[in-house]
Amino acid sequence: MTALRYSQRLHCDILNDCDILNVSDLDLTDGQVYTSLTAHSLPDVIPHEPPWDPREDYDSSPDDSNTPLTTRWAYGTRPWFPLVPLNPSFDGPIFGCLNHSRFSLLTEVDTSGRHILHRDIRAKWVELEQKLLWCQERLGAGLLIPWGTKLPRPPTSYGYQQVAIRSRDAFLLIAATCLWYIMTRRYQGANQWTAILTSNPQHPIPAEWVLELSRSFVGDLTTNVPRTGALISSIHCPWQVQLPMFEKFSLPIWVHISGDTSAAVDFTLRHYIPSPAAITRATEEVQRKETPDTWGQLDESAWGQPDDSAWGRPEDNTQSVLNWDDSALGWGENSGAQPVSDVPEAHADSLFPVSQPHSRQKRGEDFKAFFARRRQENKRKEETETPAQQQSRQSRERAAMNHGIPGKSSTVVVFEWQPNDEFGGFRQRIRLTKAEIPMTWMSYSKSTRVYDSFRNEWDLCDALDLTSVPDGDWEEDDFPPASAPSEPTPAPPAPAPPLSSFLKDIEAYFGHYEVAPSTQYTRSVERFVSILHFHLGYRLAASTTTPRGRSTTFDDWTRKTQWTHLTRLVGDNPTDITSIPDAQKHVITCFIGYLVTLPQSQLSDIPPDLWDLGPDLSLSVSNAHIRVSYVQQPKQRLYIIESLSSNLVPWKLAVPDAITAVMCLRRDWGSDITKIAYNLLEKGIAIKTLQPISVPPDARRPPTELRTYSLGHVFPPEDRRLARFRPVFADYIVYEQHRHEFMNQPRARAALLHGGLIWRLALHSLGFDVLPSVLDGISREAVPFGLMLDINGQTYFDDELSEEEVDFMCGTYYLHTNDGNVEIVSWWPRPQAWAASGLNVGFWSSRCEFWFQSRLDNIRRGVSRERHTFTDDANGPMTGSKWKGSLKFNAGTNKMMKNIDAASCSFLATKASGKNKLVVTSTCAPIHFPSPLAVTMRNTPVTYPIT
């Protein structure tokens, strides 16, 4: 069978007797058929497919740690190998120490004069290995591991001082094993893998370090991190249990369809097998699309034809595919004569040594004659080989082109042509042992290595190119490869790394960065008169006469309250108020005094000429442009703002508090709902954009499938004499970087809809110009994970933060104490503390902005940069009770806002339409932190458009 010289992928639906592949790739490469459900192209190099023997499957798998960055065939002993990352990025606080090439590694000279890896690099690598092995042990604890699974060898087994690059790449194998454990847990429904590392009572790992691990290629299970994947023969699948899991997480898996029609197909792979008709159609389609040039033409001179002059040579006749040509062997392509040996034929038996058994070298036959004879034998073999044999041979040739060192478990045989001094330097073909191969291999170059794909053999002969430079002279001279150790015995459990080593990674990486700068927010900030009228309902034409109905409490409050305090009480800056006459100031003071001192039951005592929500109502539930209605939730009432004219907005505008709804009635913002919503967004007021969508029941997904964020749980040290965890400046930088990343997620628009401090923190990460895009509509994550409401049989969706995500936005840690309790501390006040504060006036005021900028400056200047034995910075994270005390300011603000809310609710309850009953059928369920992160990882601090 002539091999087809093309490699083209066809997307098709393949109808099989067993199943239908809705999404599949059928690859025809060199006449071979590969199918995949999770990959869109074949790997760059397809290694030789080893024969499968069920009796040796768990004994003959290769030592893949020699080539960790290439796709391998599946072996039951190493189910973790497909998760090795391709082209990994060695950066960030954890893996930055591995960011070296063989040319950038620092060395030092040992006592014997050898160049070895520098001690500083060795120390960092040893620490990292200890940490990763500890994570590997903890993540694998309690899992049911397939029988015969072999864990990768630790990097130290290669010798940091000897084979540095191979030792570095061995870290990828431990990372792949950790991710395999994480994938297994997630596949089984346990999404809390980070808690396993942070909640160990004896040796907890700091949450910020685990969070960085989850952001690296260890914790990212998305397709953003390319993986090596694996090739599986259709005859046998060693991963009956693992394969469905690999498919679920879109791990690249290719199935090679055996050309042997008599071979039985593994039942596990039945859904990968195309029908013969599908293969025929795909083959014809590829042939039809072939270009008319020599590429792909099946003529007499095509590659793969039994042509003596073209065997093993590319089309341009410049160099062999195995990097050796006829001139290197001493004969020309067109000489017309067979290669002539330099050895005289007479007395061959007496003048030359006896050939080594199984070397196939005849006595007296030098390397030129041996290669010429083998070439003729191979030509005869090629003429009679079956298609399956041809495919296996060509796979071996492709795998050999990278000249990788054969591993100790590899089936390849290596011969070295060694000069025999007793016979005048005559070269004998000597078979190397497995232990001799690594050291000997590096003494040769590509031009002095010859591969025989028919017998799966390498020949090493420096006489092929007397000018060649051995690979070891420039690649591994400073790090001579150690002989491969014997198969490692199960190692004892890895010791727990000290807590300080984890924290050192975080501080060394983040400690020199600063808090992101923030521009003063002045857009749409309300001023004093606007606050009085639109938010509080003060009549601008109020009488300046002395109000009636005053109580002793009222008189005391108005007498003691200074004008500057009153302006701060409503959220404004007193320096900006200069144009109000004294008589009007007195009336305004009395108006605020009523709202602060009166109980809710006596709000009707406020003079009607002062307040539009007083006894003589001047408000209506509709104005010239909008109307307000409400719908009832079990725990909350939503107020729907609708335009009186036609509106093309795909969502309904809802606000969660009555004060905002009444404020919209007082405004003259027109009938454009988008404009009204944008005005509310600019003021930091919470809104909802409820979009009607009809979806099938399975559109909702469990929260465990959602990528979530948290600073995590922190457990106390086992030694009670040690200080408890106290976040320092580097921890704030970690939090801020994670918050910036979270705000680039689609559903993070919910933070801008949230209003208040969460809204301001979101703007700090994204900038002010992001606000208009919030009103483009819900994100793609709103339907599966967001808020879902049912109004009169119509389903509405919107993005909504979970409770854990709200806590994350505030920079929250969950500190476990020795008595079993959990203390919650945060860098910023959580919603409960903010709602009870003297800053909460229902919108983002100038006073809020002043406090926000002051808090940023306090963190920037006043948080400890070092972890002292006992640290309790006043500017660090605080508990909810401390936040409430810190934000108390003027207690009158909170009392005033409660009275305004009560009056607004009463007004809308009696005047607004409540015929639309809202029933909550499902809400965004709490997502328990911590959980894995799956996305493109940020491993270096990023510059964002900070405001």
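The exercises below, each with a worked solution, concern a predicted model.

**Exercise 1. A salt bridge between two helices**

Task: Find which residue meets the side chain of arginine 215 in a salt bridge, and state whether the two partners are buried or exposed.

Solution: Begin with the side chain of arginine 215, which meets that of glutamate 741 in a salt bridge with an N to O distance of 2.1 Å. Next, place the partners: arginine 215 belongs to helix α5 (residues 207-215) and glutamate 741 to helix α20 (residues 729-742), so the pair ties together parts that are 526 residues apart in sequence. Finally, consider accessibility, for which arginine 215 and glutamate 741 are both buried. This pair can be set against the count for the model, which comes to 32 salt bridges.

**Exercise 2. From helix α10 to a network**

Task: Work out which residues are joined into one network by salt bridges that share partners, starting from helix α10.

Solution: Step one stays within helix α10 (residues 367-384), where arginine 373 and glutamate 377 lie four residues apart, about one turn of the helix. Their side chains meet in a salt bridge of 3.1 Å, N to O. Glutamate 377 has a relative accessibility of 22% and therefore counts as partly exposed, since the buried class requires a value under 20%.

Step two turns to the salt bridge between the side chains of glutamate 457 and arginine 374, at 4.0 Å from N to O. This pair links distant parts of the chain, with glutamate 457 in strand β14 (residues 457-460) and arginine 374 in helix α10, 83 residues apart. Glutamate 457 is buried, at a relative accessible area of 7%, and arginine 374 also counts as buried, at 5%.

Step three collects the network, in which salt bridges with shared partners join Arg360, Glu365, Arg373, Arg374, Glu377, Arg429, Asp452, Arg455, Glu457 and Asp459.

**Exercise 3. Aromatic pairs**

Task: Classify the ring pair of tryptophan 80 with phenylalanine 81, and then that of tryptophan 828 with phenylalanine 852.

Solution: A search of the whole structure finds 28 aromatic pairs. In the pair formed by tryptophan 80 and phenylalanine 81, the centres are 5.9 Å apart and the planes are at 55 degrees, and the pair is tilted. Both of these residues, tryptophan 80 and phenylalanine 81, are buried.

For tryptophan 828 and phenylalanine 852, the ring centres are 5.0 Å apart and the planes make an angle of 25 degrees, so this pair is stacked. Tryptophan 828 is in the loop between β23 (822-826) and α26 (831-835), while phenylalanine 852 is in helix α27 (residues 846-862), so the pair ties together parts that are 24 residues apart in sequence. Tryptophan 828 and phenylalanine 852 are both buried. As a last step, follow the ring pairs outward: they link Trp759, Trp828, Trp834, Trp844, Trp851, Phe852 and Trp883 into a cluster.

**Exercise 4. Helix α19 and its ends**

Task: Determine how many residues of helix α19 are buried, and which residue caps its N-terminal end.

Solution: Helix α19 (residues 673-682) has 10 residues, of which seven are buried, and the helix is thus mostly covered. The buried residues are Ile673, Ile676, Ala677, Asn679, Leu680, Leu681 and Glu682. At the N-terminal end, the cap is aspartate 672, which has a side-chain oxygen 3.0 Å from the backbone nitrogen of threonine 674. Beyond the helix, α19 is followed by glycine 684, which has a positive phi near 70 degrees.

One of the buried residues, Ile673, also leads to strand β16 (residues 637-643), where glutamate 642 is found. Leaving aside neighbours within four places in sequence, glutamate 642 is in contact with Ile673, and also with His625, Ile626, Arg627, Ser629 and Lys652. The side chain of glutamate 642 makes a polar contact of 3.4 Å with that of lysine 652.

**Exercise 5. A four-stranded sheet**

Task: Identify the edge strands of the open sheet that four strands form.

Solution: The order of the strands is β19-β22-β23-β24, and their pairing is mixed. The edge strands are β19 (713-714) and β24 (878-879), each of which pairs on one side only. At the β24 edge, β23 and β24 pair in the antiparallel sense over two bridges, and valine 825 stands opposite threonine 879 in β24.

Definitions and conventions: Residues are numbered from 1 along each chain as its sequence is written. This is a predicted model: local features need pLDDT of at least 70, side-chain atom pairs count only at pLDDT 80 or more; totals for chains, interfaces and linings use all residues. Side-chain values use heavy atoms; hydrogens and water are left out. A polar contact is a pair of N or O atoms within 3.5 Å; within protein, one must be able to donate a hydrogen and the other to accept it, and residues adjacent in sequence count only if both atoms are side-chain atoms. Contact means heavy atoms within 4.5 Å. Buried means under 20% relative accessible area, exposed over 50%, partly exposed in between (1.4 Å probe, protein chains only). Rings of Phe, Tyr and Trp (its six-membered ring) pair if their centres lie within 6.5 Å; planes under 30 degrees apart count as stacked, over 60 as edge-to-face and the rest as tilted. Two strands pair if DSSP finds at least two bridges between them.
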